[in-house]
Amino acid sequence: MTIRKLFLLLTALFHSHFTDAIEASLRGFVLDLEIVESKEDRALGLMYRSSLATNSGMLFKWPETSQKCMWMKNTSLDLSLAYLDEKLIIREIHNLVPFSEENVCSKSQNIRYALEVNKGWFDEREIKVFSKLSISD
């Protein structure tokens, strides 16, 4: 294992215990979400994780709206991805391929957030494009 990979693994373990967490819901289904806002935390994402609880996910937040791209480098989890606009409305849903280094980019230029959950979570709950993510205070 290279020093860089070891550093990223240790960073992932550290951040998994200290990231901001919130409770949110989509169509009444509750999600516990880790919020990642820094460039470093967004780059790390769910890398090196071995599991993700059923009703958990990661919400990626950028300071501006634009086209966003995600990938699955060093990520073994089967995930689904939703791109959301600044009003937290889902604009696109994609299924991701573990370990893929191919970018999955939004079609829209008006994306502010990305939400990663276990693959199939959206389908199983019939959550579609235009569903709104509600964040608890």
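1. Overall make-up. The protein has 3 helices and 9 strands. The model is a predicted one. Along the sequence, the elements run α-β-β-α-β-β-β-β-β-β-α-β. Of the contacts with a separation of 6 or more, 71% link residues 24 or more positions apart.

2. Burial and surface. The protein has 137 residues, and 42% of them count as buried. About 7800 Å² is exposed. Carbon and sulfur atoms supply 52% of that area.

3. The sheet. Seek out the open sheet of 7 strands. Its order is E6-E5-E8-E3-E2-E1-E9, and the pairing is mixed. E6 and E9 are the edge strands, each pairing on one side only. On average, neighbouring strands are turned by 30 degrees against each other, direction ignored. Strands of a sheet pair through backbone hydrogen bonds, either parallel or antiparallel.

4. One pair in detail. E5 and E8 pair in the antiparallel sense, over 6 bridges. Leucine 84 has its bridge partner in E8: tyrosine 113.

5. The largest nonpolar core. This core holds 17 residues. Leu26, Leu84, Leu115, Phe122 and Leu133 touch the most other members. Which elements give two or more residues to this core? They are strands E1 (20-26), E2 (29-36), E5 (79-84) and E8 (111-118), together with helix H3 (121-124). A second, separate core has 15 residues, among them Val36, Leu52, Tyr83 and Leu96. In soluble globular proteins, nonpolar side chains tend to be buried together.

6. Leucine 84 up close. What does leucine 84 contact, leaving aside its neighbours within four places in sequence? One group of contacts is Ile89, Ile90 and Arg91. Another runs through Asn110, Ile111, Arg112, Tyr113, Ala114 and Leu115. Leu133 is also in contact with leucine 84. Leu84 and Leu133 both appear among the residues that touch the most other members of the largest core.

7. A positive phi at leucine 88. This residue is found in the loop between E5 and strand E6 (90-95). Its phi is near 65 degrees, a positive value in a residue other than glycine. Is leucine 88 buried or exposed? Leucine 88 counts as buried, because its relative accessibility is 11% and the cut-off for buried is under 20%.

8. A positive phi at glutamate 126. Look in the loop between H3 and strand E9 (133-135) for glutamate 126. Phi there is near 55 degrees, again positive in a residue other than glycine. Glutamate 126 has 55% relative accessibility, so it counts as exposed; the cut-off for exposed is over 50%.

Notes:
Residues numbered from 1 in each chain as written. Predicted model: local features only at pLDDT ≥ 70, side-chain atom pairs only at ≥ 80, totals over all residues. Heavy atoms only, no water. Core = buried A, V, L, I, M, F, W, Y, C linked by side-chain atoms within 4.5 Å. Buried < 20%, exposed > 50% of the residue type's maximum accessible area, 1.4 Å probe, protein only. Helix = DSSP H or I, 4+ residues; strand = E, 2+ residues; numbered from the N terminus. Contact = heavy atoms within 4.5 Å. Areas by Shrake-Rupley, 256 points an atom, 1.4 Å probe, with all protein chains shown as cover. Pairing = 2+ DSSP bridges. Axes fitted to C-alpha atoms, helices over the stretch in contact; angles between N-to-C directions.
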